[in-house]
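Here's a quick briefing to read with the model open beside you. Start with the overall layout, then zoom in on one helix and one strand residue.

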Amino acid sequence: MRAIVTGCNGYIGKALCKYIKDRYEDSFVIGIDIKQEENPYVDIFYNVEASNRAVIIGEVMNKQENKNINVFHLAAYASVPDSFRHLS
């Protein structure tokens, strides 16, 4: 399985990355997050601000020769006030 996981360093994102690695022997996980921390279940990591996330996902999908990529969008702000500060 090939997967892109936004929010890969959050609680649910990290658990999902681990599940994919444990469940699918030939898995390849691309992680995207604004939080820079080590995630042993991610093959490639992009430290990206929320406003650039869609651009990075598009670029990553264009680079992959196999277009069958699962995208799990789990990125979110953990705080309601932070969410409102980042509205466009």
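**The layout at a glance**

Going along the sequence, the protein chain runs β-α-β-β-α-β-α. That comes to 3 helices and 4 strands, where helices (H or I, at least four residues) and strands (E, at least two) are DSSP runs numbered from the N terminus. It's a predicted model, so local features need pLDDT of at least 70 and side-chain atom pairs count only at pLDDT 80 or more, while totals for chains, interfaces and linings use all residues. Residues are numbered from 1 along each chain as its sequence is written, and side-chain values use heavy atoms, with hydrogens and water left out.

**Whole chain**

- Of the 88 residues in the protein chain, 30% count as buried (under 20% relative accessible area; exposed is over 50%, partly exposed in between, with a 1.4 Å probe and protein chains only).
- The protein chain exposes about 5,900 Å², with carbon and sulfur atoms supplying 53% of that (Shrake-Rupley method, 1.4 Å probe; for residues, only the protein chains shown count as cover).
- Among contacts (heavy atoms within 4.5 Å) with a separation of 6 or more, 53% link residues 24 or more positions apart.

**Helix H1**

- H1 covers residues 11–23, and its end C-alpha atoms are 18 Å apart, which agrees with the 18 Å expected for 13 residues at 1.5 Å a residue (1.5 Å times one less than the number of residues).
- Its buried residues are Gly13, Leu16, Cys17 and Ile20.
- Seen down the axis of H1, these buried residues fall within an arc of 100°, so they line one face of the helix (the arc is that of the directions from the helix axis to the C-beta atoms).
- An α-helix has 3.6 residues a turn, so residues three or four places apart point the same way.
- The cover over the buried residues of H1 includes strands E1 (2–6), E2 (28–33) and E4 (70–73).
- On the face of H1 turned away from its buried side sit the exposed residues Tyr11, Asp22 and Arg23.

**Tyr11**

- Tyr11 belongs to helix H1, and it counts as exposed because its relative accessibility is 78%.

**Ile4**

- Ile4 lies in strand E1 and counts as buried because its relative accessibility is 0%.
- Beyond its neighbours within four places in sequence, Ile4 is in contact with Ile30, Ile32, Ile57, Val60, Met61, Ile69, Asn70, Val71 and Phe72.
- Ile4 and Ile44 are 40 residues apart in sequence and 9.5 Å apart in space, C-alpha to C-alpha.
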